[in-house]
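Please open the structure in your viewer and keep the selection tool at hand. We will move through it one selection at a time, pausing at each stop to look at what is there.

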Number of protein chains: 2
Amino acid sequence: MYIYIRILGMSTSQLYRGSLTTIILKLVEENGEMYGYEITQRVKELTQGDLEIKEGALYPSLHKMEAAGHLTVTAKKVDNRIRKYYDITPAGKEETVNRLAELDEFLANMQRIINPKLSFE
Amino acid sequence: MYIYIRILGMSTSQLYRGSLTTIILKLVEENGEMYGYEITQRVKELTQGDLEIKEGALYPSLHKMEAAGHLTVTAKKVDNRIRKYYDITPAGKEETVNRLAELDEFLANMQRIINPKLSFE
DNA sequence: TTGTTTACTTAAGAATCTTATGTATATTTA
DNA sequence: TAAATATACATAAGATTCTTAAGTAAACAA
């Protein structure tokens, strides 16, 4: 029997919609080879448990990014189980730059709307 | 005959998904009574044309926020045409505070992931 | 041995958005 | 003055991205 308890403070915000690809690209670009489960744990760590990447979002996203030629995948047997390691491609690096630029623009635009007084840069 | 030309630099990013409610709440809370079309123009101004709120997203969103009790609506005839002015309710002000807090958390979490070196605050 | 963690997969449904279409009046331009 | 554009709202169909849920399977802890 399983009882799931909603962790206080864990994010349910819709704002993360659209940011998953950017997060994956950045982490894999920076760390090199990572596998799916590792990405979920790394994000949980970095955000102090605030953001939990769901498997139902993560894995289809990884498959799509591989299909797009932004990531490569290599299956490795570790402890008698399969892990799929993803690494960034040159096209993936370009995509990372673009996605991070988009994120910057998004942040700047939200600042302009939410805090117009600080937006004279 | 209509020819639509894609404006260079206009955002097509998925990052804005989930931010519309926050944007509307903040603008109406700050400016007082606003009507839909006015909101699209204000956002366009503030972001220098970068972000165009689509009518297909805006109007259903306004209706939903009214149904939720976060906004009130008053129809007024201006220049022989109907405008629907939306204003914030007390519940809407609470929601605004919550949404802005969520936005802050989102920004902080993205910083922690994208730029971990700057995240020791 | 029961439950939890690790590790991946995928289908169904929800939420939010874009695109497209429609209505209608006012204003600008050719 | 006719045509096009701007103002102003509404909504249905489809796309995208996510959550929820169910499944498989092995390692590990209680």
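The tour below visits the two DNA strands in turn, in what is a predicted model.

**First stop: DNA strand C**

Begin by selecting DNA strand C together with the 27 residues around it, among which Tyr37(A), Tyr59(A), Arg81(A), Arg17(B) and Lys64(B) come nearest. If you colour these surrounding residues by character, you should find nine nonpolar, eight polar and 10 charged.

Next, show helix H2 (36-46), helix H3 (55-67) and strand E3 (81-88) of chain A, along with helix H3 (55-67) of chain B, since each of them supplies at least two residues of this surface; the largest share, five residues, comes from H3(A).

Now zoom in on the phosphates of DNA strand C, where a polar side-chain atom of Tyr59(A) lies 3.1 Å from a phosphate oxygen. In the side chain of Arg83(A), an N or O atom is 2.6 Å from a phosphate oxygen of this strand, and for Lys84(A) the corresponding distance is 2.7 Å.

**Second stop: DNA strand D**

Move on to DNA strand D, which is surrounded by 27 residues, the closest being Arg17(A), Lys64(A), Tyr37(B), Arg81(B) and Arg83(B). Of the atoms of DNA strand D that come within 4 Å of the protein, 73% belong to sugar and phosphate.

Here H3(B) gives the most to the nearby surface, with five residues. Select His63(B), whose side chain has an N or O atom 2.8 Å from a phosphate oxygen of DNA strand D, and finish at Arg81(B), where a polar side-chain atom lies 2.5 Å from a base oxygen of DNA strand D.

Notes
Residues numbered from 1 in each chain as written. Chains lettered and ligands numbered in written order. Predicted model: local features only at pLDDT ≥ 70, side-chain atom pairs only at ≥ 80, totals over all residues. Heavy atoms only, no water. Near = heavy atom within 4 Å. Polar contact = N/O pair within 3.5 Å; in protein donor to acceptor, adjacent residues only side chain to side chain. Helix = DSSP H or I, 4+ residues; strand = E, 2+ residues; numbered from the N terminus. Nonpolar A, V, L, I, M, F, W, Y, C, P; charged D, E, K, R; others polar.
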